[in-house]
Structures are given as structure tokens and as C-alpha cells.
Amino acid sequence: MDVNTIAAVSGNLGVIGYGLAAVGPGIGVGLVVSKTIESIARQPELAAKLQVTMWLGIAFTEALALIGLATPFIFGL
Amino acid sequence: MEFYPDDFLFAGTFFAINRIMAIRLIVLTVLVIVTLLWAGKFRKSYAAGSHVPGRFQLMGEIALNFVRKSIAHEQLGEKDGDRFLPLLTTIFFVTLGMNVTGIIPGFNIAGTSIIGLPIVMAIAAYITFIYAGVKRHGGHFFTASLFPAGVPKAFYILVTPIEFLSTFILRPVTLALRLTMNMIAGHLLLVLCFSATQFFLFNSEGLFKAFGAGTFLFGFVFTLFEMLVAFLQAYVFTLLTTVYIQLALSDEH
């Protein structure tokens, strides 16, 4: 280690990449659920229908994070 | 790697069986037996004209009606729902059975955590929703889904490739990937928790041993969470297949 180095980081850059890939879907799933809770609070009798839509929305949003998880299998090996 | 264990039967041939294949075959046998028993019970009580189901029969009725009523009929309506019900029921129970092995002690890995099985089911869903659309709308199905109505003509340069990618390529890919990656991530989490417990209890000193209790608790909680995920992924897979069929059947096309 030379004098100019203050801190050294070792490890796989892909981990940081996946961390970044998880940010977007995290926010997205949070938005989907929070809006569903809000809607159910406004209109409790629609709860069953809204929950089905919520699971759909979560499934679509979550797919992005899971594609991030799949990239090392596709490009890394 | 854990997801590609060694073959132990018929190694080297096309029918090589490793740990995961064996788990899949066991689950398949259990599913077939349970379904046959249910069918026998239903037939017997129908012939006898009895209206009071027993405990085992009631379980079957609840499980089968869950797919029929709250997925198929809710999204597709009675007529189309019953038409596609065999596929939806199969997808739901196969996915559920294969997912649940991820948390059964002794098996400890989901049959769906290798992408082969999810790909097969995604292809089945893909073929079915294209078949449903073509049967209902003919060749118009493709033009309507590639050139959605109400878009200015010039934008089709932009819209058509996106629609093609999302409808005909990303749909089956995400169906298969979502299921597999959920199961892999769940398995890795459990492995992490329990191997951390092992490490803290046996390989560390002093107060660090106390961490072992914490990680074990986390492992237990994540096992319960995996139970939820196993059911949820089966539900989501079936629901998405239903929604794709419903979109293909809808009159906008």
C-alpha cells in the first residue's frame, strides 16, 4: 500500500451493482404498498380487489430486482 | 455448488438424477396421489349424493376452489375461467408443491430453484395466452397488441418495439426468472442465517457465542417468511398467467 492510499476496498464490484439495482424496486414496492394501504383506508369494502392488484404491481416491480440478481448467472460465469 | 449437486442415479445418461431431480419426482408423486385421492372422494360423495364433506374432502374443496373462484372466475369470468382452469390449477399446485420443499427439513431446497421447471411452466403460459388471443381474435391479436389503438401514427416507431419486447419476450422471461430467483434468494438467506449460527456457536469465543442465538432466531423467522413466499409465488405465477390470458381475450384487441 503506497502513501497516497487512504482507504482500500477489496471485493466484488457486482455487489455494489446489485445494491444499486435493489434501490429502485425497493422504492417502487414501497410506493405500491403505501398507495394500496391508503386506498383501503379510504374504501375498505374494495380491500380484496385492491390486494390482488397490489400483488400484481409488486410482482412487476420486484422483477427488476430479480433481474439484477440473475445478471451474474448470465454474464458472470 | 449447492444448486448443482452430483448425479447419484443413471449418472452420465440423459436421465441422470441428482438431489433436486429426486425432490421434484417425490413432490410429483405426492401431488398425483393426493389429487387422485381427492378425485376419488369427490366422485364417491357425488354418487352417494351426500352434501356433508369430510375433513380430507373439505381440504380439497377449499384448495381447488381457491384457484377456481378467487383466481380464474375473478379475472376471466365463469365461462373462460372454467376453460383455462385445468392449466391454472396445474400451474398453481405444481409451483406450490415444488416451492414448499425449500423449507421442509431434509429436503431444504426448492424444486423450482433450478430454472428448468419454471421455464417449462412459463412456456406453457406463453403458448396458452397466445393461443387464447389467436382463437378469439385471429391474426388481429398480433396487430392489436403490437400497434395499440389511440397512439399517433408517428409514435409506432417507438411503441411497437417496446410492446413487442414487453409482450412477447419479457413476459415469459420474467415469469420464469421471478420464481427461480425468489427461491434462490430465499435459499441463500436461510443458508446464510444457519451457517452464521454454526460459526458463532462453535468457532467463536466468549460473548460472540450470543450472536448465534440471534442468527438462529433470524433463521427461524426467515423460514416462516419462506413459507409465505412459497405460497405467494405460486399465487403470483398463476395470477399473472390468468391476467395475460385475460389481456389476450379482452375486447380492446
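**Helix packing in a two-chain model**

Helices H6(B) and H7(B) run roughly antiparallel to each other, because their axes cross at roughly 170 degrees and angles over 145 degrees get that label (under 35 is roughly parallel, 65 to 115 roughly perpendicular, the rest oblique). The two axes come within 8 Å of each other; axes here are lines fitted to C-alpha atoms, for helices over the stretch in contact, with angles from 0 to 180 degrees between N-to-C directions. The helices themselves are DSSP runs (H or I, at least four residues; strands are E, at least two), numbered from the N terminus. Where H6(B) meets H7(B), the contact holds 17 nonpolar, eight polar and three charged residues. In this sorting, Ala, Val, Leu, Ile, Met, Phe, Trp, Tyr, Cys and Pro are nonpolar, Asp, Glu, Lys and Arg are charged, and the others, Gly among them, are polar.

The model is a predicted one, in which local features need pLDDT of at least 70 and side-chain atom pairs count only at pLDDT 80 or more, while totals for chains, interfaces and linings use all residues. Residues are numbered from 1 along each chain as its sequence is written, and chains are lettered from A and ligands numbered from 1 in the order in which they are written.

H7(B) also packs against H3(B), at an angle of about 155 degrees and with the axes 8 Å apart. That makes H3(B) and H7(B) roughly antiparallel too. H3(B) passes H7(B) in a right-handed crossing, the near helix being turned clockwise from the far one by less than a right angle (anticlockwise would be left-handed). On the H3(B) side, the contact is built from Asp80(B), Phe84(B), Leu88(B), Ile91(B), Phe92(B), Thr95(B), Leu96(B), Asn99(B) and Val100(B). Among the partners on H7(B) are Phe231(B), Ala234(B), Phe237(B), Thr241(B) and Ile245(B). Residues count as being in contact when their C-beta atoms, placed from the backbone, lie within 7 Å. Sorted by class, the H3(B) and H7(B) contact comes to 12 nonpolar, six polar and one charged residues.

Two H7(B) residues give a closer view. Ala234(B) sits in helix H7 of chain B and is buried, with 23 other C-beta atoms within 10 Å. Buried means 20 or more such atoms within 10 Å, exposed means 12 or fewer, and partly exposed is in between, with C-beta atoms placed from the backbone. Neighbours within four places in sequence aside, Ala234(B) touches Phe92(B), Thr95(B), Leu96(B) and Asn99(B). With the same kind of neighbours set aside, Phe237(B) is in contact with Ile91(B), Thr95(B), Leu175(B) and Leu179(B).

Phe237(B) turns up again in the largest nonpolar core, where Leu88(B), Phe237(B), Leu240(B), Ile245(B) and Ala248(B) touch the most other members out of 47 residues. Such a core is a set of buried Ala, Val, Leu, Ile, Met, Phe, Trp, Tyr and Cys residues joined through C-beta atoms within 7 Å. Helix H2 (47-76) of chain A chips in at least two residues, as do H1, H2, H3, H4, H6 and H7 of chain B. H7(B) gives the most, with 12 residues.

Chain A has two helices and zero strands, and 8% of its 77 residues are buried. Between the chains, 10 residues of chain A are in contact with 11 of chain B. The chain A side of that meeting has nine nonpolar, no polar and one charged residues.

Elsewhere in chain B, the axes of H1(B) and H2(B) come within 10 Å and cross at roughly 105 degrees, so these helices are roughly perpendicular. H1(B) contributes Trp38(B), Lys41(B), Phe42(B) and Ser45(B), and H2(B) contributes Phe56(B), Gln57(B) and Gly60(B). By class, that gives three nonpolar, three polar and one charged residues.

Back on H6, Ile184(B) lies in that helix of chain B and is buried, with 23 other C-beta atoms within 10 Å. Ile184(B) and Ala110(B) are 74 residues apart in sequence, yet their C-alpha atoms are 8.2 Å apart.

One backbone oddity rounds things off. Most residues other than glycine have a negative phi. Asn108(B) is not a glycine, but has a positive phi of about 60 degrees. Asn108(B) is found in the loop between H3 and H4 of chain B and counts as partly exposed, because it has 16 C-beta neighbours inside 10 Å.

Note on methods:
Two residues are in contact if their C-beta atoms, placed from the backbone, lie within 7 Å.
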